[in-house]
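Here is a short walk through one protein model and the ligand it holds. Keep the sequence and the structure in view as you read.

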Amino acid sequence: MDNCLFCKIVKGEIPSDKVYENDEVYAFRDINPQAPFHVLVVPKKHVASVAETGLMTDGEIAACLRAVSLIASQAKLDGGYRVISNCGPDACQSVPHLHFHILGGRKMADRMA
Ligand code: AMP
Ligand code: ZN
């Protein structure tokens, strides 16, 4: 996608604070962190959201969650962490390229809203 912010970050056209990369995924620190540890994991292939995972291979989908697990492990988020993927306007998704937020380093609210 030519005009997609996260596609540009994946391609290095917009700078990012990279924490992990492999053939399928790219991960970088959120520019507006909501927790001491806040990283975004995105597939390198453009899809808009979880709603479009039908356009991905099982391997591409699995790579995202395997990266989440690896990054959290490397960051020693031993107390736990939260994984969020906002999907569409009701969820206030602001960047229409599938991404998984990893939030950690503090106790999360006990309810999701
Ligand atoms: P969402 O609202 O779930 O679509 O999440 C998009 C996230 O992207 C937000 O948490 C933003 O802070 C983050 N974000 C937007 N632009 C950038 C950027 N250039 N680098 C890193 N994170 C960004
Ligand atoms: Zn994109």
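Start with helix α1, which gives the most to the shell around ligand 1: three residues. Bear in mind that this is a predicted model. Helix α1 covers residues 5-10. Strand β2, residues 25-29, also belongs to the picture, since α1 and β2 each supply at least two residues of the shell.

Which residues come nearest to ligand 1? The shell holds 16 residues, and D30, N86, S94, H99 and H101 come nearest. By class, the shell has eight nonpolar residues, six polar ones and two charged ones.

Now look at the polar atoms that face the ligand. D30 has a polar side-chain atom 2.5 Å from an oxygen atom of ligand 1. N86 has an N or O atom in its side chain at 2.8 Å from an oxygen atom of the ligand. For H101, too, a side-chain N or O atom lies 2.8 Å from an oxygen atom of ligand 1. How much of ligand 1 does the protein bury? Taken alone, the ligand exposes 500 Å², and the protein buries 83% of that.

From H101, step to H38. The side chains of H38 and H101 make a polar contact, at 2.8 Å. So H101 has two partners to trace: an oxygen atom of ligand 1, and the side chain of H38.H38 is found in strand β3, and β3 runs over residues 37-43. Is H38 buried or exposed? Its relative accessible area is 5%, under the 20% cut-off, so H38 counts as buried. Leaving aside neighbours within four places in sequence, H38 is in contact with F28, R29, D30, N32, P33, H101, I102 and L103. D30 is on that list, and D30 is also among the residues that come nearest to ligand 1.

F28 is on the list as well, and F28 leads to the aromatic rings. How many aromatic pairs does a search of the whole structure find? The search finds two. One of them joins F6 and F28, with ring centres 5.3 Å apart. Why is this pair edge-to-face? The ring planes stand at 80 degrees, and planes over 60 degrees apart count as edge-to-face. The pair links distant parts of the chain. F6 sits in helix α1 and F28 in strand β2, 22 residues apart. F6 is buried, at 5% relative accessible area. F28 counts as buried too, at 4%.

Y26 and F28 form a pair as well, with ring centres 5.9 Å apart. Their planes are at 40 degrees, so this pair is tilted. Both Y26 and F28 are buried. Together, F6, Y26 and F28 form one aromatic cluster.

Next, follow the chain past β3. S49 has its place in the loop between β3 and α2, the helix of residues 58-74. Is S49 buried or exposed? S49 is buried, with a relative accessible area of 7%. Not counting residues up to four places away in sequence, S49 touches C87, Q93 and L98.

Helix α2 brings in Q74. Q74 counts as exposed, because its relative accessibility is 51% and the cut-off for exposed is over 50%. The C-alpha atoms of Q74 and V19 are separated by 10.0 Å. Along the chain, Q74 and V19 are 55 residues apart.

The last stop is the backbone. Most residues other than glycine have a negative phi. Which value does K76 take? Phi of K76 is near 55 degrees, a positive value in a residue other than glycine. K76 lies in the loop between α2 and β4, the strand of residues 81-84. K76 is exposed, with a relative accessible area of 61%.

C92 also has a positive phi, near 60 degrees, and is a residue other than glycine. The place of C92 is the loop between β4 and β5, the strand of residues 100-104. At 62% relative accessibility, C92 counts as exposed.

Go back once more to ligand 1. D30 reaches an oxygen atom of the ligand at 2.5 Å, and H38 is in contact with D30. H38 is also in contact with F28, and F28 belongs to the aromatic cluster with F6 and Y26. Trace that path in the structure, from the ligand through D30 and H38 to the rings.

How values were computed
Residues are numbered from 1 along each chain as its sequence is written. Chains are lettered from A and ligands numbered from 1 in the order in which they are written. This is a predicted model: local features need pLDDT of at least 70, side-chain atom pairs count only at pLDDT 80 or more; totals for chains, interfaces and linings use all residues. Side-chain values use heavy atoms; hydrogens and water are left out. Helices (H or I, at least four residues) and strands (E, at least two) are DSSP runs, numbered from the N terminus. Buried means under 20% relative accessible area, exposed over 50%, partly exposed in between (1.4 Å probe, protein chains only). Contact means heavy atoms within 4.5 Å. A residue is near a molecule or strand if one of its heavy atoms lies within 4 Å of it. A polar contact is a pair of N or O atoms within 3.5 Å; within protein, one must be able to donate a hydrogen and the other to accept it, and residues adjacent in sequence count only if both atoms are side-chain atoms. Accessible areas come from the Shrake-Rupley method with a 1.4 Å probe; for residues, only the protein chains shown count as cover. Ala, Val, Leu, Ile, Met, Phe, Trp, Tyr, Cys and Pro count as nonpolar, Asp, Glu, Lys and Arg as charged, and the others, Gly among them, as polar. Rings of Phe, Tyr and Trp (its six-membered ring) pair if their centres lie within 6.5 Å; planes under 30 degrees apart count as stacked, over 60 as edge-to-face and the rest as tilted.
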